[in-house]
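Trainee: Could you take me slowly through the aromatic part of this chain and what lies around it? I would like to see how one ring leads to the next.

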Amino acid sequence: SAVNAAFAVEAMKRNKVRCVSFAMGGLDTHNSNYRTHALNQQEIFDTIAQLVRYLDMSPHPNLMGETLGAHAHILVVSEFCRTPQINLSGGRDHYPNGSALVISPLFRSNFVYGRSDPDQLLPLPSGRFSDGMRPIAPPDILATFASAFGIDPRRYMRDGEVVRELLRSP
């Protein structure tokens, strides 16, 4: 993961790419969750923190006096989440509810949107959408991300609504 992150930043510094994607593994803990999961999570979050530090220290290739960090937008997602309950093997299984981490100068910082029920089984409604009160969903995150860059998500997505509360005020 760290090598992938370093390679991504080097490619951006050299003005070779504007967008990168890479995978970070280690969270598919169907057994021994208490033995390995916290360490795996710490490694992933340490890698993200180092990536942000490196971006903040790296000069932008085209904007004099600017850093890559001032123009970088990081979206961390997973294809699934983990069950709130521990299974018989001491692990957690796949679960349809999840979360996302957004690090971007276009999004509000130190802000959490959405919450779980007291048993951490289901997401609670987080806002009013065109179909009523409901939890935020992955298409909403993607629509908001696209909108932050001035892209009309309706042109490219059939689902998802822009959540203005996530964005910094212009």
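Mentor: Let us begin with Phe107, which counts as buried at 5% relative accessibility; buried means under 20% relative accessible area, exposed means over 50%, and partly exposed is what lies in between, with a 1.4 Å probe and protein chains only. Please keep in mind that this is a predicted model, in which local features need pLDDT of at least 70 and side-chain atom pairs count only at pLDDT 80 or more, while totals for chains, interfaces and linings use all residues. Residues are numbered from 1 along each chain as its sequence is written, and side-chain values use heavy atoms, with hydrogens and water left out.

The frame comes next: the chain has 3 helices and 6 strands, and from the N terminus they follow the order α-α-β-β-β-β-β-β-α. Helices (H or I, at least four residues) and strands (E, at least two) are DSSP runs, numbered from the N terminus.

Now to the rings, of which the structure holds 3 aromatic pairs. One of them joins Phe107 to Phe145, with 5.7 Å from centre to centre and 35° between the planes, and it is tilted. Rings of Phe, Tyr and Trp (its six-membered ring) pair if their centres lie within 6.5 Å, and planes under 30 degrees apart count as stacked, over 60 as edge-to-face and the rest as tilted. Because Phe107 lies in the loop between strand S4 (101-103) and strand S5 (127-129), while Phe145 belongs to helix H3 (residues 138-148), this pair ties together parts that are 38 residues apart in sequence. Phe145 is buried as well, with a relative accessible area of 15%.

Another pair is formed by Phe111 and Tyr113, whose ring centres are 6.4 Å apart and whose planes meet at 35°, so this pair too is tilted. Here Tyr113 is buried at 18%, whereas Phe111 is partly exposed at 30%. The ring of Phe111 has a charged neighbour, since the charged end of Arg108 sits over this ring, 3.7 Å from its centre; the term asks that NZ of Lys or CZ of Arg be within 6 Å of the ring centre and within 35 degrees of the ring normal. Similarly, the charged end of Arg134 sits over the ring of Phe129, 3.8 Å from the centre.

Let us return to Phe145, which forms one aromatic cluster with Phe107 and Phe149. In H3, Phe145 is one of the buried residues, which also include Asp140, Ile141 and Ala143. The buried residues of H3 pack against strand S1 (74-76), S4, S5 and strand S6 (132-134), and just after the helix Gly150 takes a positive phi of about 80°.

Asp140, in helix H3, leads us back to the second charged neighbour. Asp140 is buried, with a relative accessible area of 1%, and, leaving aside residues up to four places away in sequence, Asp140 touches Phe129, Arg134, Pro135, Gly160, Glu161 and Val163, where a contact means heavy atoms within 4.5 Å. Phe129 and Arg134, then, are both touched by Asp140, and they are also the ring and the charge described above.
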